[in-house]
Amino acid sequence: MNSPTSERDSAGFEAFGLHPSLLQALAALGYEEPTPIQREALPPLLEGRDVLGLAATGTGKTAAFSLPLLQRLTPGGRGAGEPAALVLVPTRELAVQVSEALHSYGKGLAARVLPVYGGTDVVRQLRRLEKGVDVVVATPGRALDLLQRGSLSLGRVELVVLDEADEMLDMGFADELEALLSELPEGHQTALFSATLPARISAIVGRHLRSPVQVRIDREKVEPGALPRVRQQAFLVSREHREAALVRVLRVEQPASAILFCRTRTDVDSLCATLLGHGFRAEALHGGLSQEQRDRVMKRFKAGTVELLVATDVAARGLHIDGLSHVINYDLPGSPEAYVHRIGRTGRAGKEGVALTFAGTREHRLLQAIERVTKQPIELARVPGGAELRALRLERTRERVLEALAGEGQEEFRQMAEALCASAEPSAVLAAALQLVHAAHAGNVEDEAGDIPSITAPAKAPPRKSRSAPPGWASEGAPRPRGQRPPRPSLGAMATLVVNAGRRAGLRPADLVGAIANEAQIPSKSIGAIQVTESFSRVEVPEKSAAHVAAVLRGTTLRGRKVSVRLER
Ligand code: AMP
């Protein structure tokens, strides 16, 4: 562990006296330094103190309680259903997420972690409990149920964590929490994390925590005028769509020089590879690079050879770069202060800068905390849809042609143009030439044909119906409903047609646009999202024209073959 590389890898965490295998796990995950909540919460938790942590998802709070929890575990030796640590979370989604985090941090310690939540087969959970577990991560309803069945015992719990305590109360778990907390043995340690501190949380803290150390991350004050003039926008997209969404946003924004921030060096490397694959000039910058390598990257960035710098906060600290057009938070920073720090790199010297942030469903509270600290709104924006990208590409083709027209060197084509125009309608000749120019420059349109589903901040979870209802195996802890996609104001009501031909038949989005625009006489700007899969395609058209378009497509051929078309319900 004492090689120069490993010291650099986990330097930020070493001061806490964590177990070497935890440090190794953090280095392998690419964490370069603790987030603010980790910096504040780790020491008291490692000392065995109770902690009240005011922090939302996205701040790194999971590691803040998981590392001390794992550090404290003495391996094995526990009886069936007698965990040494209990983590209570509001939803099944979070139970899985926290268990995964515990697994990845605790790999080297062979910690046995079991998520238990409602809505799934209880028998498997009972069997796992039987075999013995070190940590149970549970939704309160299921935990209480297992306790009442006698399958779970809390008699040997040394550390209990209440994660997102305010949400657990909002979901109506107050009675379950009280019942569970009253079963814990004397002398156990408690950590309670909550994004907000309503009176009901203070009451739990007063009853169940002993002289807790309070840590919070959103109390920094930002001096008026400290923030530059920056257009701030956020895109709410799920993790699986984040890369595709970023690529689209970059295509539309066309930043001249941007820093993209990722949380870990692993993420930096993988995002950089993706961006290179999409034809962007990107370079990675993180703490794993030697000084010489970093200098080389910075030289290329400053010279403009590289337009996108993908970096961790640590690597970007202390860099003096002027005139950045964009700061992009591909991952949310761990605190509002870090956000202010990041976006301060754009919008300098009287120029308006742009700060774009990508966030997931559970991270909207951190976005709100950032707004509170900066006292500036962050506008929720929509990821550009397939139709917008197509329109943008067409516009670029138009600009290319106009630029060429203003330039020189067309003499050798003039004769050909005149001959072609003598043999066919000039506008048809031009359209054919434009089609070729467009095809040569437009890039991979297929990847970007459809729309990326955006998510909305979760509405307040509805309280559970009644505590006295029979144990709710089916509903308790189930994922909360996703928000509806925002309406598309520009396109009006749309209907989706499904065509039984896709990539295998050689079909491209352009073929559908061509057929619909030319044969059904629907302006291409009215066509919505297009999705071409291996064997079929979907296209959105104005609802009022759907039947007509379907009939026209049935009557024509696409890539030389007849197709069947149906209206998707
Ligand atoms: P959480 O707020 O616990 O949900 O964490 C948000 C994200 O930050 C997760 O993807 C973690 O893996 C990541 N993360 C947590 N701590 C760090 C750190 N010190 N450095 C980099 N990434 C981190």
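**Figure 1. Helix α21 lies across three strands.** Helix α21, residues 546–555, lies across β15, β17 and β20. Its run is at about 20 degrees to β15. Keep in mind for this and every other view that we're looking at a predicted model. The strands under α21 belong to an open sheet of 4 strands, ordered β16-β17-β15-β20, with antiparallel pairing. At the edges stand β16 (530–532) and β20 (565–568), and since each has a single partner strand, one side of each is left without a neighbour in the sheet. From one strand to the next, the twist averages 25 degrees.

**Figure 2. Helix α20 lies across β15, β16 and β17.** This one covers residues 509–519 and runs at about 130 degrees to β16. After α20, have a look at Gln 521, which sits in the loop between α20 and β16. Gln 521 isn't a glycine, yet its phi is positive, at about 60 degrees. Is Gln 521 buried or exposed? Gln 521 is exposed, with a relative accessible area of 60%; the cut-off for calling a residue exposed is over 50%.

**Figure 3. Strand β17 and its pairings with β15 and β16.** Zooming in on the sheet, β15 (residues 494–499) and β17 (residues 537–542) pair in the antiparallel sense over 6 bridges. One spot to pick out is Ala 495, which stands opposite Val 541 in β17. On to β16: this strand also pairs with β17 in the antiparallel sense, here over 3 bridges. Gln 531 has Arg 538 of β17 as its bridge partner. The link from β16 to β17 is a hairpin through 4 residues. As for solvent, β17 is mostly covered, with 5 of its 6 residues buried.

**Figure 4. Strand β8 pairs with β13 and β14.** How many bridges join β8 to β13? There are 7 of them, and β8 and β13 (residues 353–359) run parallel. Along this pairing, Arg 231 stands opposite Val 354 in β13. Strand β14 (residues 379–381) is joined to β8 by 3 bridges, and these two strands run parallel as well. There, Ala 234 has Leu 380 of β14 as its bridge partner. Strand β8 itself spans residues 230–236, and 6 of its 7 residues are buried, so the strand is largely enclosed by the rest of the structure.

**Figure 5. Helices α4 and α5 cross in a right-handed sense.** The axes of α4 (residues 61–72) and α5 (residues 92–105) come within 10 Å and cross at roughly 50 degrees. That value is why α4 and α5 count as oblique to each other. On the α4 side, the contact is made by Thr 62, Ala 63, Phe 65, Ser 66, Leu 67, Leu 69 and Leu 70. Facing them from α5 are Val 98, Ala 101, Leu 102 and Tyr 105. Sorted by class, that contact has 9 nonpolar and 2 polar residues, with no charged ones.

**Figure 6. Helices α7 and α9 cross in a left-handed sense.** Here the axes of α7 (residues 140–149) and α9 (residues 174–181) come within 9 Å and cross at roughly 45 degrees. That makes α7 oblique to α9. Which residues meet between these two helices? From α7 come Pro 140, Gly 141, Ala 143, Leu 144 and Leu 147, and from α9 come Glu 176, Leu 177, Ala 179 and Leu 180. By class, the contact of α7 with α9 has 7 nonpolar residues, 1 polar and 1 charged.

**Figure 7. Glu 164 in the loop between β5 and α8.** Glu 164 is a residue other than glycine with a positive phi, near 50 degrees. Its loop runs between β5 (159–162) and α8 (165–170). Is Glu 164 buried or exposed? Glu 164 is buried, with a relative accessible area of 6%, where buried means under 20%.

**Figure 8. Stepping back to the whole chain.** The protein chain has 21 helices and 20 strands. Of its 569 residues, 50% are buried. Among contacts between residues at least 6 apart in sequence, 77% join residues at least 24 apart.

Definitions and conventions. Residues are numbered from 1 along each chain as its sequence is written. This is a predicted model: local features need pLDDT of at least 70, side-chain atom pairs count only at pLDDT 80 or more; totals for chains, interfaces and linings use all residues. Side-chain values use heavy atoms; hydrogens and water are left out. Axes are lines fitted to C-alpha atoms, for helices over the stretch in contact, and angles run from 0 to 180 degrees between N-to-C directions. Angles under 35 degrees count as roughly parallel, over 145 as roughly antiparallel, 65 to 115 as roughly perpendicular and the rest as oblique. A crossing is left-handed if the near helix is turned anticlockwise from the far one by less than a right angle, and right-handed if clockwise. Contact means heavy atoms within 4.5 Å. Ala, Val, Leu, Ile, Met, Phe, Trp, Tyr, Cys and Pro count as nonpolar, Asp, Glu, Lys and Arg as charged, and the others, Gly among them, as polar. Buried means under 20% relative accessible area, exposed over 50%, partly exposed in between (1.4 Å probe, protein chains only). Two strands pair if DSSP finds at least two bridges between them.
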